[in-house]
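Please look over the sequence and the model before reading on. The report is meant for someone meeting this structure without earlier knowledge of it.

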Amino acid sequence: MTVPPTAQEHDADLIRSSLADPEAFAALFDRYSAMLFRYVSRRLGPEAAEDIVGETFLAAFSRRHRYDAAQRDARPWLFGIATKLVARHHRTEAARYRALRRSPVDGPVEGPADRVAAGVTAAASRPMLAEALAGLPRRDLDVLLLVAWGDLAYDEVARALGIPVGTVRSRLNRARRKVREALGGTDPTREEA
Amino acid sequence: MDDLELLRDLGRELEHEPPASLTRQRGRLLEASRPRGRGGRVRWRMLGAVAAVTAAAILLPMLAFHDRRTEPAAGTSAPAAAGPLNVLVIGSDARRDGYPTRADTLMLVHVPAGRKNVRVVSIPRDSLVTLADCANPRGKGVPVGPVPIGSAFTQGGAACTLKTVERLTRVRIDQTAVIGFGGFRRMVDALGGVEMTLPAPVADPAAGLRLPAGTQVLDGRQALAYVRARRGLGDGSDLSRIERQQMFMAALARRMRAHQRDNRLLFGRFLAAAAVSVETVPRLDVGGLRALADTFARTGADDVEFRTVPVRPAAADPSRLVWDAEAAERLFAPFRE
């Protein structure tokens with residue numbers, strides 16, 4: 001089941017056609033399951049990610065009648081469902097970040113030299129970052145990670161979480177401030193005005 | 001680099017590529033998108049699921065049936081099998097009917113030949129183990145590395161769970177019993193609820209559970225939420241959940257014994273609910289349960305001992321557990337009699 005090479009149907013059209021032909025919904029899985037898996041694997045590791053991706057699509061499938069057809073892109077919708085499912089594993093997630101404070105991350109850093117250099121910087125800051133993530137309230141963490149790891153724009157985060165864009169901004173600011181404080185603890189020059 | 005850049009880097013390091021097994025999730029979706037009705041039986045068998053609590057499902061009918069002062073059931077006077085018996089009870093965390101997920105609860109029950117000193121050992125679902133070499137229903141292999149034991153059920157159903165537990169414990173398992181959440185609720189409701197005394201009030205909004213401290217009767221829905229909840233109770237770990245499940249089972253056993261003496265009608269309803277709610281391999285119907293139960297003439301609820309496999313947090317991942325091999329060996333030795 002591959003997506004036709006011709007002009008791809010919008011997600012919204014695809015979801016609409018799945019109302020009459022339920023199996024068509026699988027095309028949405030083919031489009032976005034890998035993206036969601038990568039995102040959730042960052043937060044919870046690969047095993048939980050597999051389950052959560054499965055459940056996200058099952059939940060989306062059962063709610064497809066209520067999908068807002070004006071939204072062509074279904075990613076925020078799917079991220080929103082996945083985020084709710086991730087929330088059930090909040091303890092696991094926090095434990096995962098806490099464990100990062102002391103253990104090395106899997107896999108070597110590869111790629112162009114600038115990426116390797118960036119990787120070294122990232123490695124040095126990792127314990128502080130992990131500490132900060134483990135300590136963030138869930139609502140702030142969800143916004144921060146949808147932006148940083150999910151690559152959603154503010155309005156998409158707002159749609160995903162069902163909150164106003166202003167709330168996205170304030171939660172993001174609060175989360176970033178805490179992250180910067182955690183990082184700033186060892187490098188005050190990084191402090192921003 | 002600003003904070004978001006550092007965070008993105010951390011994210012890239014933590015990321016995993018989708019495994020081939022992700023197609024299984026696609027299969028679940030397709031299954032859900034097909035018209036219902038066809039193969040309902042198969043779905044139920046796979047869903048298999050059960051609540052830990054369900055040792056109750058198989059063990060308790062046996063215990064409840066043991067009272068011979070009431071009239072003996074016709075035609076079942078000759079106990080079929082009075083030898084030792086090992087039963088694996090699997091409860092699943094399927095959240096909607098029809099979708100198999102992980103085994104939520106695993107218990108190994110040992111019933112010795114004399115039917116005294118029944119032992120129930122809970123196996124934490126987060127125990128990291130290497131799965132037995134069993135293909136899943138779609139013919140795919142299982143992952144090689146250590147995975148939570150609960151995922152054996154997802155990978156290969158009850159059969160794979162059984163093989164994995166048999167290999168880990170070197171205990172031969174005679175019977176598996178799988179029960180789903182719906183079945184668990186029905187069984188508790190058929191008993192008219194179960195009386196529990198809670199030391200402290202319980203509030204788990206995620207599970208829709210709010211209970212005051214003190215003695216009260218939990219209906220099926222409340223009982224299910226209580227034995228599954230991880231938040232707002234104890235230290236929130238799987239181990240404290242196991243403790244609650246075991247306490248609940250003891251309460252369930254008391255309730256059953258009381259009804260078995262005083263309220264045959266209610267008790268019959270419970271048995272009927274158990275027979276249709278629990279998937280047993282080899283298959284036991286009401287008659288089979290009754291025959292097995294008849295071998296328990298002298299077993300009382302107090303003859304049941306509840307234990308949990310001794311574990312410690314895994315070095316690689318503190319949210320997972322590894323067994324204390326020596327202590328587990330001692331714990332399971334009596335199961336091999």
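What follows describes one chain, then the contact between two chains, and finally a helix in the partner chain.

**Chain A**

The model is a predicted one, and chain A is a convenient place to begin. Its secondary structure comes to 9 helices and 0 strands, so that reading along the sequence gives the pattern α-α-α-α-α-α-α-α-α. Of the 193 residues of chain A, 49% count as buried, while the surface that chain A exposes is about 9100 Å², with carbon and sulfur atoms supplying 52% of that area. Among the contacts in chain A with a separation of 6 or more, 65% are accounted for by residues 24 or more positions apart.

**Where chain A meets chain B**

The size of an interface is often given as the accessible area lost when the parts come together. For chain A and chain B the buried area is about 4700 Å², and carbon and sulfur atoms give 60% of it. On the side of chain A, the residues that lose the most area to chain B are A:Glu47, A:Glu50 and A:Leu58, which together make up 14% of what that side buries.

The table gathers the counts for this contact.

| Item between chain A and chain B | Value |
|---|---|
| Residues from chain A in the contact | 58 residues |
| Residues from chain B in the contact | 43 residues |
| Salt bridges | 9 salt bridges |
| Polar contacts (both residues at pLDDT 80 or more) | 10 residue pairs |

The elements of chain A that give two or more residues to the side touching chain B are helix H2 (26–44), helix H3 (46–62), helix H5 (90–100), helix H6 (113–135), helix H7 (138–148) and helix H9 (165–184). The largest share of that side, 12 residues, comes from H3(A). Sorted by class, the side of chain A that touches chain B has 31 nonpolar, 7 polar and 20 charged residues. A salt bridge joins A:Asp30 to B:Arg26, and the closest N and O atoms of this pair are 2.6 Å apart.

**A helix of chain B**

Why can helix H7 of chain B be called largely enclosed by the rest of the structure? This helix covers residues 220–228, and 7 of its 9 residues are buried, so helix H7 of chain B is largely enclosed by the rest of the structure. The buried residues of H7(B) are B:Gly220, B:Gln222, B:Ala223, B:Leu224, B:Ala225, B:Tyr226 and B:Val227. At the start of H7(B), B:Asp219 has a side-chain oxygen that reaches to within 3.1 Å of the backbone nitrogen of B:Arg221.

Conventions
Residues numbered from 1 in each chain as written. Chains lettered and ligands numbered in written order. Predicted model: local features only at pLDDT ≥ 70, side-chain atom pairs only at ≥ 80, totals over all residues. Heavy atoms only, no water. Contact = heavy atoms within 4.5 Å. Buried area = accessible area lost by both parts, 1.4 Å probe. Salt bridge = Lys/Arg side-chain N within 4 Å of Asp/Glu carboxyl O. Polar contact = N/O pair within 3.5 Å; in protein donor to acceptor, adjacent residues only side chain to side chain. Helix = DSSP H or I, 4+ residues; strand = E, 2+ residues; numbered from the N terminus. Nonpolar A, V, L, I, M, F, W, Y, C, P; charged D, E, K, R; others polar. Buried < 20%, exposed > 50% of the residue type's maximum accessible area, 1.4 Å probe, protein only. Areas by Shrake-Rupley, 256 points an atom, 1.4 Å probe, with all protein chains shown as cover.
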